[in-house]
Amino acid sequence: MKIVVIGGSGLIGSRLVTLLGRQGHQAVAASPRTGVDTLTGTGVAEALDGADVVVDVSNSPSFEETAVLTFFETSTRTLLDAEEKAGVRHHVALSIVGTDRIPDSGYMRAKVAQEALIAAAGIPWTVVRATQFFEFVPAIVESAVVGDEVRLPPALIQPIAADDVVTVLAEIAAGAPVDGIVELAGPQRFPLDELGRETLAAAGDPRPVVTDPQGRYFGALLAERSLVPLGAARTGEIRLAEWRGR
């Protein structure tokens with residue numbers, strides 16, 4: 001199949017293009033770096049010409065509340081319109097577990113808006129909601145720095161390796177649309193504050209992590225299970241220690 005990966009030059013997208021190519025598909029990396037801009041529409045129709053599947057793993061260049069909403073709404077509308085004209089048979093999008101349970105996060109509200117547009121478009125679809133990537137955990141820790149310490153809540157987190165996300169995305173892209181949401185999480189759960197301590201220790205960072213139930217996740221308050229699946233979910237295979245060992 002011809003599978004176009006929107007955001008195909010990033011962490012997930014570049015690996016997905018490589019894996020799909022190894023599996024025998026015509027995988028196209030579409031991003032501003034390759035001349036495809038879903039905000040302006042530049043290059044989108046050309047990239048989607050003859051495409052069977054579109055996988056959207058793109059991300060907003062700005063996380064500011066208004067900018068991120070504009071990005072996901074504009075980009076998604078542009079893609080869906082172009083897909084309808086091109087006869088695309090399956091739209092796959094990468095989203096986040098818990099995106100509908102953290103309403104005070106502007107980023108999460110933007111992802112909810114993106115998902116709603118996809119579900120209403122009439123193109124067969126699958127949304128893959130993944131938990132936070134191992135690769136992203138240090139950024140979570142840094143976002144919680146207050147003065148000389150890190151203040152993190154004991155909310156649960158179930159991070160996953162980017163390679164596991166890529167494996168599942170490739171499988172779903174090559175399969176039948178679900179017309180619904182698939183949740184994907186790592187094989188282990190941690191309290192976020194404990195994971196923060198472990199992350200700093202592994203990096204040789206002496207800063208203390210303070211357990212703070214009011215500690216923020218990129219400005220948002222978390223309930224105990226805001227970031228983990230509440231029901232059935234697929235599970236990655238790579239454990240944290242193995243990932244670090246790589």
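A polar contact is taken here as a pair of N or O atoms within 3.5 Å, where within protein one atom must be able to donate a hydrogen and the other to accept it, and where residues adjacent in sequence count only if both atoms are side-chain atoms. The model is predicted, so local features need pLDDT of at least 70 and side-chain atom pairs count only at pLDDT 80 or more, while totals for chains, interfaces and linings use all residues. Residues are numbered from 1 along each chain as its sequence is written, and side-chain values use heavy atoms, with hydrogens and water left out.

Helix α3 is a convenient place to begin, helices (H or I, at least four residues) and strands (E, at least two) being DSSP runs numbered from the N terminus. Glutamate 64 caps the N-terminal end of α3, with a side-chain oxygen 3.1 Å from the backbone nitrogen of threonine 66, and after the helix comes glycine 87, whose phi is positive, near 75°. Among the residues of α3 that are buried (under 20% relative accessible area, with exposed over 50% and partly exposed in between, for a 1.4 Å probe and protein chains only) are Val68, Phe71, Phe72, Leu79 and Leu80. The cover over the buried residues of α3 includes β1, α2, β3, β4 and α4, contact meaning heavy atoms within 4.5 Å.

Several of these elements belong to an open sheet, in which 7 strands follow the order β2-β1-β3-β4-β5-β9-β12 with parallel pairing; two strands pair if DSSP finds at least two bridges between them. The edge strands, β2 (26-30) and β12 (234-235), each pair on one side only. Between β5 (residues 125-130) and β9 (residues 180-185) there are 5 bridges, and valine 128 stands opposite valine 182 in β9. Helix α4 (residues 106-120) packs on the sheet, where it touches β3, β4, β5 and β9.

Aromatic rings of Phe, Tyr and Trp (its six-membered ring) pair if their centres lie within 6.5 Å, planes under 30 degrees apart counting as stacked, over 60 as edge-to-face and the rest as tilted; by this rule there are 6 aromatic pairs. The rings of phenylalanine 71 and phenylalanine 72 have centres 5.2 Å apart and planes at 80°, so the pair is edge-to-face, and both residues belong to one aromatic cluster with Phe63 and Tyr107. For phenylalanine 134 and tryptophan 243 the centres are 5.4 Å apart and the planes at 45°, so that pair is tilted. Phenylalanine 134 counts as buried because its relative accessibility is 2%, whereas tryptophan 243, at 26%, counts as partly exposed.

Conventions:
Axes fitted to C-alpha atoms, helices over the stretch in contact; angles between N-to-C directions.
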